[in-house]
Amino acid sequence: MRSQLSEHVVVALLKPYYTIPGCQSSQSSSRSFHSTRTPPTCRSGMTPRAHRHQQRFNWTARNQTIASAERSIGEPVNSQAYTSNVAAQRSRGWSISQSAEEDYAILGGGITGLSAAHFLTKEKPTATITIYEGSKRLGGWLQSQRIEVDGGTILFEQGPRTLRPNLEGSGITILELIHDLKLTDEVLVTPKDSEAAKNRMVYYPDHLVTMPGPGQGFFEILWKLITEPALKWVLPGMYNEWFNKPRPKHLEDESIGDFLERKLGSTDAADNTVSAILHGIYAGDVYQLSAKSLLSSAWRTDGSRGSIQRGTVDLFAKGVRIISARDQSLIEKILPGLDRSFMEHLARYASVYSFKDGISTLVTALEKSLRANPRVQFKTSHRVKTLKYDQKEGLVKISTKADHQESFTKVISTLSGPNLSSITATHENPDPLPSLNSIHSVTVMVVNLYFPDPDVLPVHGFGYLIPRAIPFDQNPECALGVVFDSDAVSQQDAVLGTKVTVMIGGHWWDDFSEYPSQDEGVAMARAILERHLKITAVPTATNVGLHENCIPQYTVGHDARMKKAHFELMKAFNGKVAVAGNSYNGVGLADCVASARDVVTNPDGNLESALTGLNGFLSERKYEILDLKEARKDMRRHVELSHKSRGGKKKDR
Ligand SMILES: C=Cc1c2[nH]c(c1C)Cc1[nH]c(c(CCC(=O)O)c1C)Cc1[nH]c(c(C)c1CCC(=O)O)Cc1[nH]c(c(C)c1C=C)C2
């Protein structure tokens, strides 16, 4: 049974049963989890609740914090000095006032805002929450739409459509949400042995290339690496990476393209393959996106070992894996509460998952649950115009129309960096949050097409991505990729047929001031399908969305800018405005939910954490070492135990 399960999912899945409570793990060297540093959840021997109570400063402490932030701006920011300043405040006995009433405002009714409200209702049941949303509808760009076609309905997705069953990273927080909202029966799994799981393709330059991955044998992969022009960089690149000289000491960050060229000795990897993958995640430019922020573990290993492969082989030989302390702490906190049979089902079968009624199921369920809570108020069609900090009262004031302000003890902004910056600007200070203001986002046109013929596609799989190396005459529409929706998530439609989504624009449209119309979008998508896949059939249903500035770009220097942004927010709002959402710590759906949880629950138990939501950028991230051999033993023990506890029967779904 073990061999069928994805190891890292299951190791993490079963971890609570082979490790000790978080607060003791620093002393656990004989156990399977060795903490390299004191776990952040357990500083000063305090409980997480005690840490939560520390989130609010008294006046003296606030002024100290401001002074500290001011000192830090304009000079090289020394986060350690800042942290020790906060620690000093604590040791002097300042702070720790928990007001009886807390009034929260959440700016933005997308998935991050709704999730933040959800986690707040759990974490602070007596707080009142007002959610401001500028448009009429909730959910942001999570948009699942049922459309009538001949014979029934089909489901189109405009935004994200699938989730990965990962526990590490942000995946576990969305599983917690699914559990809280009782949505496990709504989940649809795309099996690991499906074509969609096995065939993730890149277009190069005139044919589709299946990327090496699970389900392919060693010799099959080797043959592909030798013969496939799109992958010809891999073997020489590996050689260069092993022997190349270490990264220059002064290098603080570089683009992923430059990083790959430096490591692998040519631009082929970036141009032919990695640019395609980045199109599918960020719709962004491989020569602008940050290696430090987006390839953080490769960046770290390269820095410490001089070679990613040497570092990886070293870990492999030691039988250990590195996991971030934050992910480890989330797993410890959330996993024990989740439904075990659901988790086992995901771990065993799912490559990705979605919901019977699409990804918006999350939004509908969150809205229903929040509307049932008398402490939560929705203000849709209320665009926030100004956000000001009233130093005397220690409150944040929000206005949505002239001559009317509402006051809050804390605001969580899920707006984009530039939007938050613009509502904060005043005549006296037109650019109070320059680091947030500088976050650039790209625009993507999403074109859904439905063909009644179920056999329109010449190949099956998740879809394909288009790298930057494709000559203009093969991609004049600036397409980024095509998703084969009817393969990627089956069972959402009541009729047979083929659904595809063509994504266009992204960084290719950075200089555009006008975009194609909906009809032009459909024509462009059809031209792409005809050129690349020889599909000439006419779609009987289409749906086009132009999502302006929808994906923030973590360009070179992102981490350093977010560190500065923390201090700018502290200066402007004294810790009363925190940020969450896709502008900061991950652009995916799961990242957004995780950022909402982090900003509410303060997972680090770290005082700054609750203040701006950007604490993760203040100091080097902490990591822990997972001993895989011990973990596997404990896992086996646990599987036996859980078998016994279920009367020896395995519950299959
Ligand atoms: C809808 C547009 C989006 C594009 N990128 C993202 C969205 C929401 C964010 C994103 N997409 C992926 C990841 C990685 C996580 C993962 O599941 O591996 C993130 C953070 C991967 C991905 N890319 C595409 C799909 C269908 C997926 C799976 C996750 C999802 O459903 O969003 C296709 C795709 N997305 C974008 C483009 C341009 C594209 C091209 C075919 C932009």
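What share of the contacts in the protein between residues at least 6 apart in sequence join residues at least 24 apart? The share is 76%, where two residues are in contact if their C-beta atoms, placed from the backbone, lie within 7 Å. The structure is a predicted model, in which local features need pLDDT of at least 70, side-chain atom pairs count only at pLDDT 80 or more, and totals for chains, interfaces and linings use all residues. Residues are numbered from 1 along each chain as its sequence is written.

The protein has 25 helices and 22 strands, taken as DSSP runs (helices H or I, at least four residues; strands E, at least two) and numbered from the N terminus. Of its 653 residues, 48% count as buried, that is, with 20 or more other C-beta atoms within 10 Å of their own, C-beta atoms being placed from the backbone.

Around the ligand stand 22 residues, each with its C-beta atom, placed from the backbone, within 6 Å of the ligand; the closest are Pro160, Leu480, Gly481, Met503 and Gly588. Strand E18 gives the largest share of this shell, 4 residues, and the elements below each supply at least two.

| Element | Residues |
|---|---|
| Helix H11 | 268–282 |
| Strand E16 | 441–451 |
| Strand E17 | 463–465 |
| Strand E18 | 479–483 |
| Strand E19 | 498–506 |

By residue class, the shell divides into 12 nonpolar, 8 polar and 2 charged residues, with Ala, Val, Leu, Ile, Met, Phe, Trp, Tyr, Cys and Pro counted as nonpolar, Asp, Glu, Lys and Arg as charged, and the others, Gly among them, as polar.

In helix H13 (residues 296–305), the buried residues are Trp299, Thr301 and Asp302, and their cover includes helices H10 (256–264), H12 (291–294) and H14 (308–318). After H13 comes Gly306, which has a positive phi, near 80°.

Definitions and conventions:
Buried ≥ 20, exposed ≤ 12 C-beta atoms within 10 Å, placed from the backbone.
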